[in-house]
Amino acid sequence: MVATGLDMLLRESERFRNRRVGLIVNQTSVTPDLQYSWNLLKEKGIRIARIFSPEHGLFATEQDQIAVNYQPELGCEVVSLYGDSSETLLPDRSLLDDLDLILFDIQDVGSRYYTYVNTLALFMEVLSGKESEIMVLDRPNPLGGTIVEGPMLDMDYKSFVGIFPVPVRHAMTAGELALLYRDFKKLDLNLTVMKMEGWQRSMLFPETGLPWIPPSPNMPTFATAEVYPGMCLFEGLNISEGRGTTTPFQLSGAPFINPEELALQCRKYGLEGVLFRPTWYKPTFHKFSGEVCGGIWLQVTDHTRFRSFSTAVSMTAALQKLYGEQLRFLSGVYEFNDTIPAFDLLAGNSTIRRSIQSGVEPVSLPASWQEDEKSFQQDRQQFHLYD
């Protein structure tokens, strides 16, 4: 079994007893026997002055893009880093003055969109120039550390779902991303990473031996995380991404879709490692709540050949081809941004959307980001902590 950064810190907890500690955590900050970090650290004599919680809240009680106001009573101050405006994404600097060590321990899912590591990046920026130490207690990238996929973020499209200059599927751990971001932003930062023991870059999450704790309300399983780097794009469409069902992101659709017709079109693109099962479903909340939707359920058949981002782009092209009159790329406020379409914020550029809308065949689109993948595979190695 992999020993996480939290496990490693607990082995030498005595050297942290004289520190005044803040935590950036949620319900995934647990040991393999499912004990919460904040309880164990207190038992070890470590003084926890303050807990900072990310989007969704400390126990993931809130859905996406919902301000977190409720905080449980844990015997110390709990501060939300996700409120009703972009200003709430940054901690008040006065809340850092009495801390000399901040521990980040949240399970990431390996996609640029996922906001927990983006919270880490913003926190690092606020800490820059301060003497306080920030330590990442590293955890596995559930998707492994080898396969990189998708375009790099165009920094003109920077947002809370795109902060790191990485492809959509980055194949890095939170600790490695922190090292990359310190270098990218030239931060004056006392950053350390408590490395894992036993993790290898070839490992997918089921191989780690660790329990899967849903890190957010719509990330119930590893299978969800595997399709998420692509299917999260559907947040930018008038297509249900399966929220309000038991298999979000694996399931997608809309009332105007003919499932058999869409599945047939998707199969024509020759995508590897995945099957398209036509189906009908009724979301209980979110898009099309209470309406019957026709759609697709994705079944990954080969982890090494499946490419989530290419699959989702091809599915979007199929939707455009079949249902162009009904399909919409959504505008409006998305993760505190109201000037750029959500699809473009997630993709990290507008090129993919424009290509799809102009009728470009999806089989040719991956060529537009292959150079990004190749260059990042080289550049990221300087930040690798694991073989």
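Let me start with charges: Asp 64, Glu 235, Glu 241, Arg 243 and Lys 287 are linked in a network of salt bridges. By salt bridge I mean a side-chain nitrogen of Lys or Arg within 4 Å of a carboxyl oxygen of Asp or Glu.

Before going on, the ground rules. This is a predicted model, so local features need pLDDT of at least 70 and side-chain atom pairs count only at pLDDT 80 or more, while totals for chains, interfaces and linings use all residues. Residues are numbered from 1 along each chain as its sequence is written, and side-chain values use heavy atoms, with hydrogens and water left out.

Back to the network. Glu 235 and Arg 243 meet through their side chains, at 2.9 Å from N to O. Buried or exposed? Glu 235 counts as buried, at 10% relative accessibility. Arg 243 is buried too, at 6%. The cut-offs: buried is under 20% relative accessible area, exposed is over 50%, and partly exposed lies in between, with a 1.4 Å probe and protein chains only.

Why do such pairs form at all? Side chains of opposite charge can pair when their charged atoms come close.

The count for the structure comes to 16 salt bridges. Take two others. Asp 98 and Arg 50 form one at 3.0 Å, N to O. That pair links distant parts of the chain, 48 residues apart. Asp 98 sits in the loop between strand E3 (77–80) and strand E4 (101–105), and Arg 50 sits in strand E2 (residues 47–53). Helices and strands here are DSSP runs, numbered from the N terminus: H or I of at least four residues for helices, E of at least two for strands. Arg 50 is buried at 8%, whereas Asp 98 is partly exposed at 27%. Then there is Arg 15 with Glu 12, where the closest N and O atoms are 2.4 Å apart. Glu 12 is partly exposed, at 26%.

Next, Phe 249. It lies in the loop between helix H5 (222–231) and strand E7 (251–254). Its relative accessible area is 1%, so it is buried. What does Phe 249 contact, beyond its neighbours within four places in sequence? Its partners include Glu 235, Glu 241 and Arg 243, and also Tyr 228 and Cys 232. Contact means heavy atoms within 4.5 Å. So three members of the salt-bridge network, Glu 235, Glu 241 and Arg 243, touch this phenylalanine.

On to the nonpolar cores. A core is a set of buried Ala, Val, Leu, Ile, Met, Phe, Trp, Tyr and Cys residues joined through side-chain atoms within 4.5 Å. The largest has 105 residues. Which residues have the most contacts inside it? They are Phe 52, Tyr 113, Phe 123, Met 124, Ile 134, Leu 233 and Leu 319. Helix H3 (residues 115–127) gives the largest share, 9 residues. Another core, of 24 residues, lies apart from it, with Ile 46, Leu 58, Leu 103 and Leu 137 among them.

Look at Tyr 113. Leaving out residues up to four places away, its contacts include Phe 160, Val 161, Tyr 228, Cys 232 and Leu 233.

Cysteines, quickly. How many disulfides does a search of the whole structure find? It finds 0, a disulfide being a pair of cysteine sulfur atoms within 2.5 Å. Why does Cys 232 not bond with Cys 293? Because their sulfurs are 18 Å apart, too far for a bond, and Cys 293 holds the closest cysteine sulfur. Cys 232 is also buried, at 1%.

Now helix H6 (residues 259–267). Its buried residues are Pro 259, Leu 262, Ala 263, Gln 265 and Cys 266. They fall within an arc of 160 degrees seen down the axis, so they line one face of the helix. That arc is taken over the directions from the helix axis to the C-beta atoms. These residues pack against strand E8 (274–281), strand E9 (293–300) and helix H7 (308–323). Gln 265 is buried at 8%. It touches Ala 318, Lys 321 and Leu 322, again not counting residues up to four places away. At the start of H6, a side-chain oxygen of Asn 258 reaches to within 3.1 Å of the backbone nitrogen of Glu 260.

Last, backbone oddities. Leu 34 is not a glycine, yet has a positive phi of about 70 degrees. It sits in the loop between strand E1 (20–25) and helix H2 (37–43), partly exposed at 47%. Phe 336 also has a positive phi of about 70 degrees without being a glycine. Its place is the loop between H7 and helix H8 (342–347), and it is partly exposed at 29%.

Notes: A polar contact is a pair of N or O atoms within 3.5 Å; within protein, one must be able to donate a hydrogen and the other to accept it, and residues adjacent in sequence count only if both atoms are side-chain atoms.
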